[in-house]
Amino acid sequence: MEKISGSLWSVRMRASRKGKKRRLSGGKSGEEKAIHVSGAEGLYASCEIPRIVDGYLKRAINHPRGLPDTITLTIEKVNEEPLAIPLLPVSTIVCQSPHEARRVICSLLSEAGLSREVIERGIRIAAGNEVMRGASLIRSVSGIRAEPDTLRGVRVSRLGIERSSERRLSRGLARGGINTSTVKEAVVLASKVASCGGVVAELCISDDPHYTTGYVASAGLGYVRVTKIKDPGSMSGGRIFFVEEKADVSPIIDYLEKIPVIATLPPRDRVSR
Ligand code: WAQ
Ligand code: MG
């Protein structure tokens, strides 16, 4: 593995704006719920920080979900050696409508071992109007939500990609005309999630109003893009991590949020098929 020189830094951005005054369950009367606008995170070498921060800030203030009123940047040195995890292979299933996309999602997630009811519950939450900053954890048999904070969700962080693997991923994606940071970041995120013990599969629908391609991912399925997963213009979106029914979620959350990982492609593996 090509080593990224020196130590790594975790760079995180989140942008939000205050919503309408409303009562939050358990909150003080009149407390405002912050609306999630955008977020981004990754592991980088120190020399990359200025460029990454500039890109993240541009993303925060030019976001199709609207202007934020608060942008939070967190830059932390990571002392642990990151774990090497495999980058998932990428494939695409082209759909003609959200209806067809849902059928595709259902069949992929049933292949991963989930029941129809649990899948439909996941789709309802991922496609719902309550956009969370992170992901919802759903138990694989009962469909019970297991994230401690259902407004925030679990935010995957401390993830990156090894340089030569990134070049190969970019080349593979470019052949399909999809070499964008949106796709690359999503593949790395899905690879971290799929590498987490206790996670069965992931479903993702972008919350960007015009980004209508989502994906289903797991260690077994790979990263499967599904087009026309939602109607253009829709502000809803979200991520669901389906977890084993009996899983203890605290080590899962700790891994996803805290343990640094670097995704790498196995030698000569194909990234696009
Ligand atoms: N950890 C957990 N959940 C997250 C994270 C994260 N780091 N980032 C975003 N989410 C959740 C959050 O609920 C968002 O509302 C939702 O996912 C969607 O996030 O191959 O752009 O950043 O073409 O809008 C998929 C690419 C793009 C498909 C997904 O997601 C493709 C995307 P967004
Ligand atoms: Mg978004």
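**How the labels are earned**

Three strands make up an open sheet, ordered β4-β12-β7, and their pairing is parallel. This is a predicted model, where local features need pLDDT of at least 70, side-chain atom pairs count only at pLDDT 80 or more, and totals for chains, interfaces and linings use all residues. Residues are numbered from 1 along each chain as its sequence is written, chains are lettered from A and ligands numbered from 1 in the order in which they are written, and side-chain values use heavy atoms, with hydrogens and water left out.

Q: What makes β4 and β7 the edge strands?
A: Each of them, β4 (83-86) and β7 (159-161), pairs on one side only. Strands here are DSSP runs of E with at least two residues, and helices are runs of H or I with at least four, numbered from the N terminus.

Q: How do you know that β4 and β12 pair?
A: Two strands pair if DSSP finds at least two bridges between them. β4 and β12 (residues 261-264) have four bridges, in the parallel sense, so they pair by that rule. For one bridge, Leu83 has Val261 in β12 as its partner.

Q: Why is the contact between Arg155 and Glu41 called a salt bridge?
A: The term asks for a side-chain nitrogen of Lys or Arg within 4 Å of a carboxyl oxygen of Asp or Glu. The closest N and O atoms of Arg155 and Glu41 are 2.8 Å apart, so the pair fits. Arg155 sits in the loop between β6 (136-139) and β7, and Glu41 in strand β2 (residues 32-45), so the bridge ties together parts 114 residues apart in sequence.

Q: Why is Glu48 called buried or exposed?
A: Buried means under 20% relative accessible area, exposed over 50%, and partly exposed in between (1.4 Å probe, protein chains only). Glu48 has 15%, so it counts as buried. Its salt-bridge partner Arg51 has 56%, so Arg51 is exposed.

Q: What makes Asp207 and Asp208 donors of the magnesium ion (ligand 2)?
A: Donors are N, O and S atoms within 2.8 Å of the metal (3.2 Å for Na, K and Ca); water is not among the atoms, so sites may look incomplete. The OD atoms of Asp207 and Asp208 lie 2.1 Å from the magnesium ion, so they qualify. Asp207 is buried at 14% relative accessible area, whereas Asp208 is partly exposed at 22%.
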